[in-house]
Amino acid sequence: MDPALRAADLRALLHQHAHRYYVLDDPQIPDAEYDRLFQELQALEDAHPALRTADSPTQRVLGRVLDGFVPVRHQVPMLSIRTETDTTAAGAEAFDARVRRELELPTDAPALAYACELKFDGLAIGLRYEQGVLVQAATRGDGETGEDVTQNIRTIGQIPLRLQGKAPPVLEVRGEVYMRRDHFEHLNERQREKGEKTYINPRNTAAGAVRQLDPAITAERPLSFFAYGLGDVQGWARPATHSATLDALADFGLPVCADRAVVEGAAGLVDFHRRMGDKRDALPFDIDGVVYKVDRIELQQRLGFVTREPRWAVAHKYPAQEQLTLLRGIEVQVGRTGKITPVAKLEPVFVGGTTVSNATLHNLFELRRKGVRVGDQVIVRRAGDVIPEVVGRVPGARPVYVPNFRMPTVCPVCGSQVLREKGGIDHRCTGGLFCAAQRKQALLHFAGRRAMDIEGLGDKLVDQLVDGGLIRTLPELYTLGLAKLAALDRMADKSAANLLAALDKSRQTTLARFLYSLGIRQVGEATAKDLARHFGALDRVMDASLDQLQQVVDVGPVVAQSIRHFFEQPHNREVVEQLRAAGVHWDEHEGSDIANTPQPLAGQTLVLTGTLPTLTRDQAKALIESAGGKVAGSVSKKTQHVVAGAEAGSKLDRARELGVNVLDEAGLLALLQPAPDDTH
Ligand code: 5U1
């Protein structure tokens, strides 16, 4: 075949597969096949350098280290957005009122349509496509002149090097480069493991990566992108509304966030702000607010600009996820596995929607690297469901000498020695279950909703039970009697009876829950389920060899070793036996691979959205999993069914967009019935 034709074919194929992988999250070919096509193109280009085009996928990571960035004058100024800091509904109402006033609409004129989006916490970028090919990427700078960061931006897999479909001669796309929270946590986890400096937050990390002079470093940072607007456009009759423009950008293969809506009037804005606020912690990335834009472009043009901000848009903020506060003291906390964590005691501060007075400092190394000392002004971050953390201090001299924090050499709770494993980062109390702190944490974990689910056994009661010497081991929980419980401070007879009933109920459980509740290091809920499904019986897990354990999906050598180690300890086996003797039981082989239970959802992925009429989300998830299905957090082409309840959000829209089957609760329950010919 003619090399030029083959190279063009390969480029088209690789663009198409990169779009499916990075933007739609729905790859159609294995990674190895993508690599093979990529290498074939690379070899062709090496043999015929004239075939190497600017939009070739081989050209993503080939920039050189720069001395500095070249200034880029924006053809169309890159505006910023007016911010509404009143985080209540009044903020949205004020925007609608202002727009109506400026459009001189009579009070009885119908509600305006607004396009609502998320305000991503990242770095604004303009991407210039000429004849569909990415030719330049620039930062905002002062709005008139930015910096040319093209070679860094080309390393971001989500950003197409070539647009799909019939692209206009010039299309400049504006949007935000950001870093997902899980990618950020993972990056920091790796930094911690290497004993290197951690990053402060996803936004600074993303911005720093884009402004890297060495594109090889940018390429190592997991960056993402969302398009949200246009700059210079030539030769394209753009749609009449902003929402349709975003749809068109998605059709060109650009990532556009699915959490958007067109709403009517102030009430629609308020509702969007509230809905996204409720969802904020569950989003995979940080947002600092939502954005409202007048949807009709013609009205946007009538409204125009003030200085560098359009009158037709506003960013309506949420409470900040980072705040400054005073570090009053540093204490240590002993975790379930004995890990000693330095905890910052803070002047209470409202951050990320709650008042925070304690925040983790992770470990001694991190604490030292951040250089925090008691009396400092520190930055506290609380984002998503991650526990609040101190991410740094405000630089500046201290008026008085403050000694550096030191790790205790003995456990503050039980007095056992505190040691750090050779080459490790964490300090640990060596007291094991002799340590009341570890015992309390072990009990709380055991009683947790996802473990044995003992309702009513919370922090305060566990403190009383352990501190009062009523409980030393997990099985002793089941020997508690009404008299002992009712004698506890502030324990009413009714509460004691309720707790005993909850304990009794918890005796009937599942193998997966039981395994998880034991608190084996490295065995989270998912691994416990995998173990239960694979082995089907507790004794088989307890006696499994390292090799046998590694046959389980996602169990590697470290997890296998931890499970082996746990069950090699005679005292752990004793705990298991005593729990069984106390009446804790489950159906062996229930839901396991070796049992022939019907699995009507085997191999299928479902997504839950909205509120179901009778089932809680956890109940629906458990039912799906027990029928062999998986529950995913987002809808893609790999999703077989979306189960939608009241107030279903953007996942339902996405399901419709992709043609994924949508069910209600009754439909789900019908699916769970084994097929009539299922003869298991
Ligand atoms: N989603 C979104 N973010 N954002 C930021 N849209 C959006 N629009 C912006 C900015 C600065 O500016 C335009 C309104 C000009």
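Start with two pieces of the chain: the centres of domain 3 and domain 5, taken over C-alpha atoms, sit 34 Å apart. Those bounds come from an automatic or database domain assignment, and the full list runs domain 1 (3-59), domain 2 (113-317), domain 3 (324-393), domain 4 (432-506), domain 5 (511-595) and domain 6 (598-671). Keep in mind that this is a predicted model, where local features need pLDDT of at least 70 and side-chain atom pairs count only at pLDDT 80 or more, while totals for chains, interfaces and linings use all residues. Residues are numbered from 1 along each chain as its sequence is written, and side-chain values use heavy atoms, with hydrogens and water left out.

Now for the overall picture. The protein has 24 helices and 26 strands; these are DSSP runs numbered from the N terminus, with helices being H or I of at least four residues and strands E of at least two. The C-alpha trace spans about 80 × 75 × 65 Å along its principal axes. The radius of gyration is 29 Å, which agrees with the value near 26 Å for a compact globule of 680 residues. That radius is taken over C-alpha atoms, and the globule rule is 2.2 Å times the number of residues to the power 0.38.

How much of the chain is buried? Of the 680 residues, 47% are, where buried means under 20% relative accessible area, exposed means over 50%, and partly exposed is in between (1.4 Å probe, protein chains only). About 32700 Å² of the protein is exposed, and carbon and sulfur atoms supply 51% of that area; the areas come from the Shrake-Rupley method with a 1.4 Å probe, and for residues only the protein chains shown count as cover. As for contacts (heavy atoms within 4.5 Å), take those with a separation of 6 or more: residues 24 or more positions apart account for 67% of them. On the charge side, there are 83 positive and 88 negative charges, and their mean positions lie 4 Å apart. Lys and Arg count as positive and Asp and Glu as negative, with His and the chain ends not counted; each charge is placed at NZ of Lys, CZ of Arg, CG of Asp or CD of Glu.

Next, zoom in on helix α8, residues 242-251. Its buried residues are H242, S243, T245, L246, A248 and L249. What do they pack against? Their partners are the strands β3 (113-120), β7 (170-178), β8 (224-234), β9 (261-264) and β10 (287-294), plus helix α10 (297-303). A244 also lies in α8, but it counts as partly exposed because its relative accessibility is 27%. From A244 to R296 the C-alpha distance is 9.6 Å, across 52 residues of sequence. After α8 comes G253, with a positive phi near 95 degrees.

Two other residues have positive phi without being glycine. Q131 has a phi of about 50 degrees and is placed in the loop between β4 (123-130) and β5 (133-139). E647 has a phi near 55 degrees, and its loop runs between β25 (641-644) and α23 (650-658). Are these two buried or exposed? Q131 is exposed at 57% relative accessible area, and E647 is exposed at 63%.

Some buried spots are worth a visit too. L485, in helix α14 (residues 482-486), is buried with a relative accessible area of 0%. Leaving out residues up to four places away in sequence, L485 touches L465, L480, M491, A496, L499 and L500. For L499, the C-alpha distance to L485 is 8.9 Å, with their positions 14 residues apart in sequence.

N201 sits in the loop between α5 (181-193) and α6 (202-210) and counts as buried, at 3% relative accessibility. Its contacts, not counting residues up to four places away, are F184, E322 and R381.

R428 belongs to strand β20 (residues 427-429) and is buried, with a relative accessible area of 16%. Beyond its neighbours within four places in sequence, R428 has contacts that include T337, K339, Q417, E421 and R521. E625, by comparison, is 36 Å away from R428, C-alpha to C-alpha.

Finally, try R101 in helix α3 (residues 89-102). R101 is exposed at 57% relative accessible area, and its C-alpha atom is 56 Å from that of D453, which is 352 residues away along the chain.
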